[in-house]
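Let us take a walk through this model together. Please have the sequence and the 3D view open as you read.

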Amino acid sequence: MAQSLDLIREEALKKISDCKNTDEINEVRNTYLSKKSELMSLMSTLGSLTPDERKEFGMKLNQTKSQISEALNAKQEELATVELNKKLASEEIDISLPGRNFSRGGKNPFYIIEDEITDIFLGMGFSVASGPEIETDLFNFELLNIPKDHPARDMQDTFYINDNTLLRTHTSPVQAHTMQESKGEPIRIICPGKTYRRDDDDATHSHQFAQIEGLVIDKGINIGHLKATLELFAKKMFGEKREIRLRSSYFPFTEPSVEVDITCANCGGKGCSMCKGTGYIEILGGGMVHPNVLKMNGYDPEVYSGFAFGIGIERVAILRYGIDDIRKFYQNDVRFIEQFKKA
Ligand code: PHE
């Protein structure tokens, strides 16, 4: 009987060393250590032995069992390590490979300039307001002192949705919205936004363009405040050396009204082809808020005064970057946009 134990052990150890994976280990474990195994059936013979024989055979039996079990565990551990290493090797990421490059888009210069202008005015204590692009006749015209039969309407023909609703021709309706919402309190806002006019598109005209409106209302505001504000803007936007000049102009919603020019960057004011010999380039329109506009929107012109201005965003971008065609802002040509990509 003790001999058969030796045989069983030899056979089991051999099988264990031949195992190639953990499944095979489990199979061997089943064969030799399960309840139905030969070893276990030998257990049941213990009862028929003398006490001395039982002691000796029992010990041997237990020894055999634990030898097989230890060999199984050792092999299992060895195979598990091999299997893990194999898995790791097959899933290995080659970190020495160069990464996949993906192309990153540039920011449209329109937005670069819009952000820059906004930042300049935020720095002067303005906050950003907004208003609808689809406007009523009331806000786009009437509340800005442009009644139905006013000739100024001809210059701002636009896309009508119906007799009373239209795509705004300028950001100035935001002046009226802000005044009505502010209910007589002082105001200092800018409003960047899209505007529309019925224009035939060419290098300098686009049926869609954008403006930044500015509006300041308080007690004691005068045209000196307007000039100082716009001078600071011009210097921050175009460079310290730029001078501005105000030319008298006309808008129904400001009185007096001005056109603001900056000295030409190309010739420094001497006159060249870029500024058509004048030494100046027009950048925006503005003026003192008309008393009628103040009144219609809830401000007493005897107590409050204010200034307003409208800056063409594309116009500023065209001047800053020397862009030759306004349509380039909207055509999404990557060759154009990529030139403004930051490194
Ligand atoms: N809304 C005017 C335009 O589009 C510009 C402007 C704004 C003029 C504010 C005066 C004051 O031409």
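At what angle do helix α5 and helix α9 pack, and how far apart are their axes? In this predicted model, α5 (residues 109-123) and α9 (residues 223-238) pack at an angle of about 135°, and their axes are 10 Å apart. An angle above 115 but not over 145 degrees is neither roughly perpendicular nor roughly antiparallel, so α5 counts as oblique to α9. The crossing of α5 and α9 is right-handed. Both values are worth giving, because two packed helices are described by the angle between their axes and the distance between the axes.

Now step back to the whole chain. It is divided into domain 1, residues 2-90, and domain 2, residues 109-340. The centres of domain 1 and domain 2, taken over C-alpha atoms, are separated by 91 Å.

Next come the sheets. One is an open sheet of seven strands with mixed pairing, and its order is β1-β5-β6-β10-β9-β8-β7. Its edge strands are β1 (127-128) and β7, each of which pairs on one side only. At the β7 end, β7 (residues 244-251) and β8 (residues 254-263) run antiparallel and form a hairpin with two residues between them. On its way along the sheet, β8 also pairs with β9, again in the antiparallel sense. Ile262 is a handy marker here: Ile262 of β8 is the bridge partner of Ile244, and Ile262 also has a bridge partner in β9, namely Ile281.

The other sheet is open too, with three strands in the order β2-β4-β3 and antiparallel pairing. Strands β2 (134-136) and β3 (160-162) stand at its edges with a single partner strand each, so one side of each has no neighbour in the sheet. On average, neighbouring strands of this sheet are turned by 30° against each other, direction ignored. Within it, β2 runs antiparallel to β4 (residues 165-167), and Ile134 has Leu167 as its bridge partner in β4.

Here are the strand pairs with their bridge counts.

| Strand pair | Sense | Bridges |
|---|---|---|
| β7 and β8 | antiparallel | seven bridges |
| β8 and β9 | antiparallel | eight bridges |
| β2 and β4 | antiparallel | three bridges |

Which residues surround the ligand? They are His170, Ser172, Phe251, Thr254, Gly285, Gly286, Gly287, Ala308, Phe309 and Gly310. Two elements give two or more residues to this shell: β9 (280-289) and β10 (305-312). By class, the shell holds three nonpolar and seven polar residues, and no charged ones. Glycine counts as polar in this tally.

Two backbone details deserve a closer look. Most residues other than glycine have a negative phi, and most peptide bonds are trans. Against that background, a cis peptide bond joins Glu255 and Pro256, with omega at about -5°. Pro256 has its place in strand β8. The other detail is Asn145, which is not a glycine but has a positive phi of about 70°. Asn145 lies in the loop between α6 (137-140) and α7 (152-155).

Conventions:
Residues are numbered from 1 along each chain as its sequence is written. This is a predicted model: local features need pLDDT of at least 70, side-chain atom pairs count only at pLDDT 80 or more; totals for chains, interfaces and linings use all residues. A residue is near a molecule or strand if its C-beta atom, placed from the backbone, lies within 6 Å of it. Helices (H or I, at least four residues) and strands (E, at least two) are DSSP runs, numbered from the N terminus. Two strands pair if DSSP finds at least two bridges between them. Axes are lines fitted to C-alpha atoms, for helices over the stretch in contact, and angles run from 0 to 180 degrees between N-to-C directions. Domain bounds come from an automatic or database domain assignment. Angles under 35 degrees count as roughly parallel, over 145 as roughly antiparallel, 65 to 115 as roughly perpendicular and the rest as oblique. A crossing is left-handed if the near helix is turned anticlockwise from the far one by less than a right angle, and right-handed if clockwise.
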